[in-house]
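Visitor: Could you take me on a close look at the pockets of this protein, and at what surrounds them? I'd like one connected tour rather than a list.

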Amino acid sequence: MKFGKVILLLIFLIISSVLILLFYPYKQVIVLEEVRSEQPKLYYLPLHTDRHFQVNYIHSIHLSNVKEQYEVTDNEKLRFEFMQYEDVAIGLPGYADEGEFLKVEDGVYTLTFENRVIDSFVLYVGRVDTGLSLRYENKDYNLKDFLQKGHSYSFHITKISIFELLRGVGIDGKK
C-alpha cells in the first residue's frame, strides 16, 4: 500500500514537472501576432543578447526607404530610438516635436526620440509589392515571405513557453 502511494506521488510530480516545463513562459521573443482574426497566427523571433532591432520598409506612397530602430527595454517594452527617411509628408514629418531631434544630412532625415517607450505597435502589411523586413543581429528577415498582405499584426515583446514556441511560426525559419 505504501509503495503504491510513492509511485502515485512520483507520477504526479513527473507530470507536474512536464506541464510546468511545457507551459512556463521563459523565452523572450519579438512577436508578430495577427490582429482582427478569429484564429490569429503567431510569428516570433527569439531574442538573444542584442536588444536592438530595425524595421525597414519602402513607404507605400513615396516609394522611398524608411528605417525605424527600436530597443527592447528590461520590462519588455519598445523604446523607439529613431527613424530615417528620404521624403517628408504623409506619415514622415519634416519637423521635430518636443522630445525629438531632427537632422537632415545628404537628403536623409533622421528623427531621434528622446524617450518614446511603447508597449507595442500595429504593423499593416500593405498590398503594394514593396520591401518590408526586420533586421536583427545583422540578419534581415523578409516579413512578406510569411505575413499576409492586407493584414495587420501586433508587434510586441513577450516571453513564451515551449508550447507557444511549437504553436507559432519562427521568423528565423525554425519551429
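Guide: Happy to. Let's start with the make-up of the second largest pocket: by class, its lining has 5 nonpolar, 4 polar and 2 charged residues. Please keep in mind that this is a predicted model. The volume of this second largest pocket comes to about 160 Å³. Its lining consists of N56, Y57, I58, N65, V66, K67, Q84, Y85, E86, V108 and G131. Three elements, β3, β4 and β5, give two or more residues each to that lining.

Now turn to the largest pocket, where you will meet some of these strands again. Its volume is about 500 Å³, and 21 residues line it. If you want to find its centre on your screen, look for Y57, H59, E68, L123 and Y124, the lining residues that lie nearest to it. Y57 is a handy landmark, since it is listed in the lining of the second largest pocket and also belongs to the lining of the largest one. Sorted by class, the lining of the largest pocket has 13 nonpolar, 6 polar and 2 charged residues.

Which strands build this wall? At least two residues each come from β3 (52-58), β4 (65-72), β5 (78-85) and β8 (120-124). The biggest share is that of β8, which supplies 4 residues.

That makes β8 worth following away from the pocket. This strand sits in an open sheet of 5 strands, ordered β8-β11-β1-β2-β12 and with mixed pairing. Both β8 and β12 (169-170) are edge strands of that sheet, pairing on one side only. As a general reminder, the strands of a sheet pair through backbone hydrogen bonds, in either a parallel or an antiparallel way. For β8, the neighbour is β11 (residues 152-160): the two run antiparallel and are joined by 5 bridges. One residue to pick out here is Y124, whose bridge partner in β11 is S152. Y124 is also among the residues nearest the centre of the largest pocket, so you can trace a path from pocket to sheet through a single side of your view.

Finally, step into the loop that connects β8 with β9 (132-136), where T130 is found. T130 counts as buried because its relative accessible area is 19%, and the cut-off for buried is under 20%. Leaving aside residues up to four places away in sequence, T130 touches I58, L63 and K144. Of these, I58 brings us back to where we began, as one of the residues that line the second largest pocket.

Note on methods. Residues numbered from 1 in each chain as written. Predicted model: local features only at pLDDT ≥ 70, side-chain atom pairs only at ≥ 80, totals over all residues. Heavy atoms only, no water. 1 Å grid on protein atoms, 1.4 Å probe; cavity = no way out; pocket = protein on both sides within 12 Å on 5 of 7 lines; lining within 4 Å. Points joined across faces, edges and corners; volume = space filled by probe spheres on them. Nonpolar A, V, L, I, M, F, W, Y, C, P; charged D, E, K, R; others polar. Pairing = 2+ DSSP bridges. Buried < 20%, exposed > 50% of the residue type's maximum accessible area, 1.4 Å probe, protein only. Contact = heavy atoms within 4.5 Å.
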